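Colleague: Could you walk me through this one, starting with how the chains meet?

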Amino acid sequence: MPDFMGGPAIKMRIAILSGKGGTGKTLVSVNLAAVAKKSAYIDCDVEEPNGHLFFKPEDVQEEEIFVKIPKVNHELCNGCRKCVDFCKFNALAYINNKLIVFDEVCHSCGGCILVCPEKALTEKEKVIGKVQKGISGEVRIYTGILNTGEATGIPIIKKLLEKDPEVNERALIDCPPGSACIVMESIKDADYCILVAEPTLFGVHNLNMVYELVKLFNRPFGAVLNKCLEEENPAEKFCLEKKIKILGRIPFDNELGRLNSNAEITVNKNEKYRLLFSALLDTVTKEVRHETTTNP
Amino acid sequence: MKIAIPVDEKTLESNVCPSFGRTPNFLIYDTETKESVFIDNSAAASTGGAGIKAAQTIVDNKANALLTPRCGQNAADVIKAADIKMFKTTFASVKDNIAAFIDGKLPLLDEIHAGFHGRAGN
């Protein structure tokens, strides 16, 4: 049982996700991390990480991330093609009596090396991207960066999330868009998931994708309605129908858009939004505490 | 000379399939004997690397030329490694493309796209 049960200490992982890009995941993650003061902001959107643009972290340290891929010894290969037939990702082809490996298609399962009867395949390391760690005030900034063209960012996300949050620290996990494996990897150990939704029918479709995902993973969750207008909000209607807790509402606001597009952290510049995101953080923290009490 | 074409249906009346890697079938047509052989594309349902696997099928069937509306980078690498020439289909129907190829009227396919890799077209 966690040591903060019942006590005031806070130590939790909060994942922020949505079914598509541009709904406000980074807006919510960055501003929650900023109002939380002591926190970790973890950018798992490894194909296009942009949270660092707001935090402008200092003392940045980098670590390269490797995966293992097969290397062919053409002298030993007898052309039996067992590896070609085995590979579910079709990363291998046998052409003109020569085995070809498509490094970027390989998912590093290691199966080809196991099935080769001639021991013609061995492992070699390949860099697929990197993890950067820096600091911005009291916020620790972690950024995952996947090199263009690589098959999967999962090894980078595993590295980003390998450490538990520190005591009295909230970790805000800015997820990749969608509901594919990289999102699953990002939320699987989260204590709570925030689904960010837009007030359109398309937004509802995307909200439903992540709603089904968090249910499948049995993660506690709630929704934040972004870009709210005076008029009818289909995303809100969806939340009411599905009995999804609405954690907060962010208005469609030029001022917010201006601050955000200038890479400003809104809560540091605007009192109204500081209060809004503080309230949202309190709500989420209470939700997590409630969850750990009722479903430990 | 044997030519390979991605086709929607297993008949000479078929149209060319717009996708190379995920076409349901290939036609292997022998321009000398005028013999047509239709083969299943086992790559069609692949989660990834369909172009590579489809290209392997073309190579294994000993085609000398590939007639296709488009082709991705990985598939093109396989096709080129096997010294198979690629031509761009210019008609919808399989028959018209075969006729144009025999008349030497099909252009070489030189525009290779980067590949969709699970992001589009499925």
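Modeller: Sure, one term to begin with: a salt bridge here is a side-chain nitrogen of Lys or Arg within 4 Å of a carboxyl oxygen of Asp or Glu. Bear in mind that this is a predicted model, where local features need pLDDT of at least 70 and side-chain atom pairs count only at pLDDT 80 or more, while totals for chains, interfaces and linings use all residues. Residues are numbered from 1 along each chain as its sequence is written, chains are lettered from A and ligands numbered from 1 in the order in which they are written, and side-chain values use heavy atoms, with hydrogens and water left out.

Colleague: How many salt bridges does the rule find across the interface of chain B and chain A?

Modeller: Side chains of opposite charge can pair when their charged atoms come close. Between A:Arg81 and B:Asp60, the closest N and O atoms are 2.6 Å apart. For the interface of chain B and chain A, the rule's count is 1 salt bridge.

Colleague: Which helix gives the largest share of the side of chain B that touches chain A?

Modeller: Helices are DSSP runs (H or I, at least four residues), numbered from the N terminus. Helix H1 (50-60) and helix H2 (73-81) of chain B each bring at least two residues to that side. The largest share, 6 residues, is from H1(B).

Colleague: How much area do chain B and chain A bury between them?

Modeller: Buried area is the accessible area (1.4 Å probe) that two parts lose on being put together, summed over both. Of the area buried here, 54% is on carbon and sulfur atoms. On the chain B side, B:Ile52, B:Gln56 and B:Ala81 lose the most, together 40% of what that side buries. The value for chain B and chain A is about 1,000 Å².

Colleague: And within chain A, which residue forms a salt bridge with A:Glu185?

Modeller: A:Glu185 sits in helix H6 (residues 181-187) of chain A, and its partner is in helix H5 (residues 154-160). The pair links distant parts of the chain, 27 residues apart. With the closest N and O atoms 3.3 Å apart, the partner is A:Lys158.

Colleague: What ipTM does the predictor give the complex?

Modeller: For chain B, the mean pLDDT (the predictor's confidence in each residue, from 0 to 100) is 92, and 94% of its residues reach 70 or more. For the complex, the predictor gives a pTM of 0.77 and an ipTM of 0.85.
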